[in-house]
Amino acid sequence: MVEKPSGAVARLTLDRLMAFSDGVIAIAITILVLGIDIPEGHSFSEKGLLRFLLEIKHDVLMYAVSFVAVATFWLQHHAMFQYLRYCNRALIWLNTLFLFSLTLIPFLSKLKFMYEQEPSIVRFFCAGIFFCGLTLLAMWRYVLSHSELLGRPMIDQAVIRSMTRRILLSPGVAVLAFCLSFVDVRLGTHAFFLIPLGALRHRLVDSGWERPEESSP
């Protein structure tokens with residue numbers, strides 16, 4: 001649906017954009033588990049389940065890291081869109097760029113599954129997370145500069161700062177993980193668990209989940 005207020009550019013409703021985004025993110029986060037491979041020649045009757053889990057512990061860890069990263073990006077994306085009432089073509093393209101960067105994560109995770117101790121692969125994964133964070137930040141900055149897309153007259157400055165810091169957390173951790181990979185590959189991988197821990201500190205942005213019209217009696 002397209003609305004064209006007099007003297008303004010076309011504004012597009014959010015329903016299809018959000019449905020498409022949620023669908024793409026759901027697929028990306030689901031196929032991450034396909035990167036966990038069963039070791040060839042493993043015999044449960046001889047080695048048992050515990051030995052099997054120990055053999056694939058790196059794959060499970062990388063799956064958890066990637067799952068947490070994608071889930072956090074979805075949460076940030078969802079929180080941002082709760083402040084919007086409309087979108088336009090520029091925002092749609094920015095959103096598409098964000099989804100493109102996000103769908104690279106399963107591929108990067110698969111590389112990490114295959115090359116466990118290769119530092120360059122960890123750094124490649126860091127670059128992917130950094131790219132996701134930058135595209136999400138570009139969307140947020142664009143939204144702030146186009147108030148006609150918002151569902152409320154203005155957003156509190158404290159919320160803006162909180163959202164910006166939460167979005168910057170992922171690329172910041174990616175830079176940290178990149179640096180740690182020169183010291184220890186495992187440290188570079190484990191650093192990504194800081195993303196959800198840091199995101200939980202910035203809960204103020206979640207106030208946008210209650211729209212003004214829903215909060216009135």
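Helices here are DSSP runs of H or I with at least four residues, strands are runs of E with at least two, and both are numbered from the N terminus. With that in hand, Ile129 sits in helix α5, and we'll come back to it.

Before you click anything: this is a predicted model, where local features need pLDDT of at least 70 and side-chain atom pairs count only at pLDDT 80 or more, while totals for chains, interfaces and linings use all residues. Residues are numbered from 1 along each chain as its sequence is written, and side-chain values use heavy atoms, with hydrogens and water left out.

**The whole chain**

Start with a cartoon view. You should find 9 helices and 2 strands in the protein chain, in the order β-β-α-α-α-α-α-α-α-α-α along the sequence. Of its 217 residues, 45% are buried (buried is under 20% relative accessible area, exposed is over 50%, and partly exposed lies in between, using a 1.4 Å probe on protein chains only). Now think about contacts, meaning heavy atoms within 4.5 Å. Among those between residues at least 6 apart in sequence, 78% join residues at least 24 apart.

**Select 57-81: helix α3 and its partners**

Residues 57-81 are α3, our base for the next few stops. Axes are lines fitted to C-alpha atoms, for helices over the stretch in contact, and angles run from 0 to 180 degrees between N-to-C directions. Angles under 35 degrees count as roughly parallel, over 145 as roughly antiparallel, 65 to 115 as roughly perpendicular, and the rest as oblique.

Add α4, residues 89-114. The α3 and α4 axes come within 9 Å and cross at roughly 170°, so this pair is roughly antiparallel. Show side chains and you'll see α3 residues including His58, Tyr63, Val70 and Phe81 meeting an α4 set that includes Asn95, Phe98, Leu102 and Phe113.

Next, bring in α5, residues 119-144. Its axis is 11 Å from that of α3, at an angle of about 5°, which means that α3 and α5 are roughly parallel. On the α3 side the contact uses, among others, Met62, Val65, Ala69 and Met80, and on the α5 side residues including Phe125, Cys132, Leu136 and Trp140.

Then add α6, residues 157-180. Here the α3 and α6 axes come within 11 Å and cross at roughly 155°, so the two are roughly antiparallel. The crossing is left-handed (the near helix is turned anticlockwise from the far one by less than a right angle; clockwise would be right-handed). Zoom in on Phe73, Leu75, Gln76, Ala79 and Met80 of α3, which meet Met163, Arg166, Ile167 and Ser170 of α6.

**Select Ile129**

Back to α5, as promised. Ile129 is buried, with 0% relative accessible area. What does Ile129 touch, once residues up to four places away in sequence are set aside? The set is Ala69, Phe73, Ile105, Ser170, Ala174, Phe192 and Ile195. For a distance label, try Ile129 to Leu102: 27 residues apart in sequence, and 8.0 Å from C-alpha to C-alpha.

**Select Asp59**

Asp59 belongs to α3. For charges, Lys and Arg count as positive and Asp and Glu as negative, with His and the chain ends not counted. A salt bridge needs a side-chain nitrogen of Lys or Arg within 4 Å of a carboxyl oxygen of Asp or Glu. Asp59 is buried and has no salt bridge; Lys110, the nearest side chain of opposite charge, is 7.0 Å away. Skipping neighbours within four places in sequence, Asp59 contacts Gly35, Ile36, Asp37 and Phe113.

**Select Asp184 and Arg186**

How many salt bridges are there by that rule? The count is 1. You're looking at the pair: the Asp184 and Arg186 side chains meet in a salt bridge at 3.4 Å, N to O. Asp184 is partly exposed at 24% relative accessible area, while Arg186 is exposed at 52%.

**Two last clicks**

Ile56 lies in the loop between α2 (44-55) and α3, and counts as buried because its relative accessibility is 5%. Its C-alpha is 7.6 Å from that of Ile38, 18 residues away in sequence. Finish at Thr103 in α4, which is partly exposed at 37% relative accessibility. Label Thr103 to Ile27: their C-alpha atoms are 8.7 Å apart, with 76 residues of separation along the chain.
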